[in-house]
Amino acid sequence: MILDSWRNRLWSYITCLMITMQVTKVHGYKPVIILHGILDAAADLKHLENFIKKAHPGTVVYSLDVYDHYASLNPLWDQVEYIKNLTKSMMDSSEDGVHFIGYSQGGLIGRGLIQTSNEHKVNNFIALSSPLNGQFGDTSYLNALFPSTYKEKLYELFYSHYGQRWSIGNYWKDPHHKKLYGLYSSYLALLNNESLKSDFSYQNSWQRNFQRLNNVVLIGGPDDGVISPWQSAQFACYNEREDVVPMRNLQIYKDDVFGLKSLDRRGSLHECTMANVHHIYWHRTEAVFKKCIEPWLT
């Protein structure tokens with residue numbers, strides 16, 4: 001009797017353990033990697049980290065505390081390579097992969113990491129108000145770094161070997177100087193297949209890497225006040241008249257240069273637009289998280 005009682009208890013324990021493991025497996029959330037923007041640090045994304053943990057208890061969140069503040073002005077390829085090595089173990093330790101949220105410049109770094117990583121394990125890429133197709137406009141950031149300099153003159157600095165030592169120069173996209181952009185842009189022009197100095201022998205693998213994403217979520221809004229045009233957060237950009245050309249009207253989309261069109265066709269490209277959100281509040285506004293981010297963190 002005593003032996004049978006212990007057997008029953010042991011069997012009940014094993015059964016409960018197995019059920020618990022299955023529930024955890026079914027409802028467990030993938031780790032989330034988040035990367036801050038220019039002149040920011042990991043601590044600035046604390047609200048976003050808390051939103052994730054509140055909505056999905058138990059989620060492992062890696063808030064990358066690298067290239068903080070003025071160090072964020074380092075060339076983007078340097079940052080991409082360092083962060084690629086840093087996050088490899090984070091991705092490898094997750095059998096089902098991870099999600100990546102990049103805020104502002106962090107989204108553009110995330111894009112570069114994904115396109116150039118043949119073995120990345122990013123499931124969903126969420127770009128939170130990121131200048132994904134470049135920046136061209138006066139902002140508080142630029143005014144602080146380059147006082148008394150107008151956007152029309154910044155090409156003289158950024159489209160030079162010295163200017164490409166600044167992260168902003170790597171994605172400065174002046175619609176009035178496309179040839180100089182193609183000659184000097186060492187980052188965005190390569191990602192977009194718009195460089196005039198590359199043979200693009202790597203482009204097919206970069207396209208495959210981007211297309212391996214399950215979903216791409218592009219978040220932005222008309223009251224951003226920093227990303228210019230704000231629609232760059234959704235891959236739009238200015239033409240020579242400074243009219244905004246939507247993503248789907250651009251050659252990089254039509255030619256499916258790095259996979260946008262393919263992702264869109266299979267229903268994996270998503271735009272989330274919200275008004276009345278200034279740039280510095282995207283990551284600390286719970287309504288943004290609820291509408292644009294939380295649904296993609298499963």
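The legends below accompany close-up views of a predicted model.

**View 1. The fold as a whole, in which 13 helices and eight strands make up the secondary structure.** The protein has 298 residues, and 53% of them count as buried in this predicted model. Among the contacts with a separation of 6 or more, 68% are accounted for by residues 24 or more positions apart.

**View 2. The open sheet of six strands, with parallel pairing and the order β2-β1-β3-β4-β5-β8.** The edge strands, each of which pairs on one side only, are β2 (61-63) and β8 (269-273). Neighbouring strands of this sheet are turned by 15° against each other on average, with direction ignored. Helix α3 (residues 76-92) packs on the sheet, where it touches β1 (32-35), β2, β3 (98-103) and β4, and the direction of α3 makes about 160° with that of β1. Helix α13 (residues 286-293) also packs on the sheet, touching β3, β4, β5 and β8, and its direction makes about 150° with that of β5.

**View 3. Strand β4 (residues 122-128) and its pairings with β3 and β5.** Five bridges join β3 to β4, and the two strands run parallel; in this pairing Gly102 stands opposite Ala127 in β4. Five bridges likewise join β4 to β5 (residues 215-220), again with the strands running parallel. Two positions can be followed along that second pairing: Asn124 stands opposite Asn215 in β5, and Leu128 has Ile219 in β5 as its bridge partner. Strand β4 is mostly covered, since seven of its seven residues are buried.

**View 4. Strand β5, seen together with the edge strand β8.** Five bridges join β5 to β8, which run parallel, and the bridge partner of Val217 in β8 is His270. Asn215, Val217 and Ile219 point one way from β5, whereas Val216, Leu218 and Gly220 point the other way, and all of these residues are buried. Because six of the six residues of β5 are buried, the strand is largely enclosed by the rest of the structure.

**View 5. The surroundings of Val216, a residue in strand β5.** Val216 has a relative accessibility of 0% and therefore counts as buried, the cut-off being under 20%. When its neighbours within four places in sequence are left aside, Val216 is in contact with Phe125, Phe210, Leu263, Ser268, Leu269 and His270. One of these residues, His270, is 54 residues apart from Val216 along the chain, yet their C-alpha atoms are separated by 6.1 Å.

**View 6. The surroundings of Leu218, which also has its place in strand β5.** Leu218 is buried, with a relative accessible area of 0%. Not counting residues up to four places away in sequence, Leu218 touches Ala127, Leu132, Ala233, Gln234, Phe235, Met247, Leu269, His270, Glu271 and Cys272. Ala127 and Leu218 are 91 residues apart in sequence, but 5.2 Å apart in space from C-alpha to C-alpha.

**View 7. Helix α4 (residues 105-116), with its length and its burial.** The twelve residues of α4 should span 16 Å at 1.5 Å a residue, the expected span being 1.5 Å times one less than the number of residues, and the end C-alpha atoms are 17 Å apart, which agrees. Twelve of the twelve residues of α4 are buried, so the helix is largely enclosed by the rest of the structure. The buried residues include Gly106, Gly107, Gly110 and Gly112, as well as Leu108, Ile109, Leu113 and Ile114.

**View 8. The packing of α4 against helix α10 (residues 203-211).** The two helices pack at an angle of about 115°, with their axes 6 Å apart. Since angles from 65 to 115 degrees count as roughly perpendicular, α4 and α10 are roughly perpendicular to each other. In this contact Arg111, Ile114, Gln115 and Thr116 in α4 meet Ser205, Trp206, Asn209 and Phe210 in α10. By class, the contact has three nonpolar, four polar and one charged residues. An α-helix has 3.6 residues a turn, so residues three or four places apart point the same way.

How values were computed. Residues are numbered from 1 along each chain as its sequence is written. This is a predicted model: local features need pLDDT of at least 70, side-chain atom pairs count only at pLDDT 80 or more; totals for chains, interfaces and linings use all residues. Side-chain values use heavy atoms; hydrogens and water are left out. Two strands pair if DSSP finds at least two bridges between them. Helices (H or I, at least four residues) and strands (E, at least two) are DSSP runs, numbered from the N terminus. Axes are lines fitted to C-alpha atoms, for helices over the stretch in contact, and angles run from 0 to 180 degrees between N-to-C directions. Contact means heavy atoms within 4.5 Å. Buried means under 20% relative accessible area, exposed over 50%, partly exposed in between (1.4 Å probe, protein chains only). Angles under 35 degrees count as roughly parallel, over 145 as roughly antiparallel, 65 to 115 as roughly perpendicular and the rest as oblique. Ala, Val, Leu, Ile, Met, Phe, Trp, Tyr, Cys and Pro count as nonpolar, Asp, Glu, Lys and Arg as charged, and the others, Gly among them, as polar.
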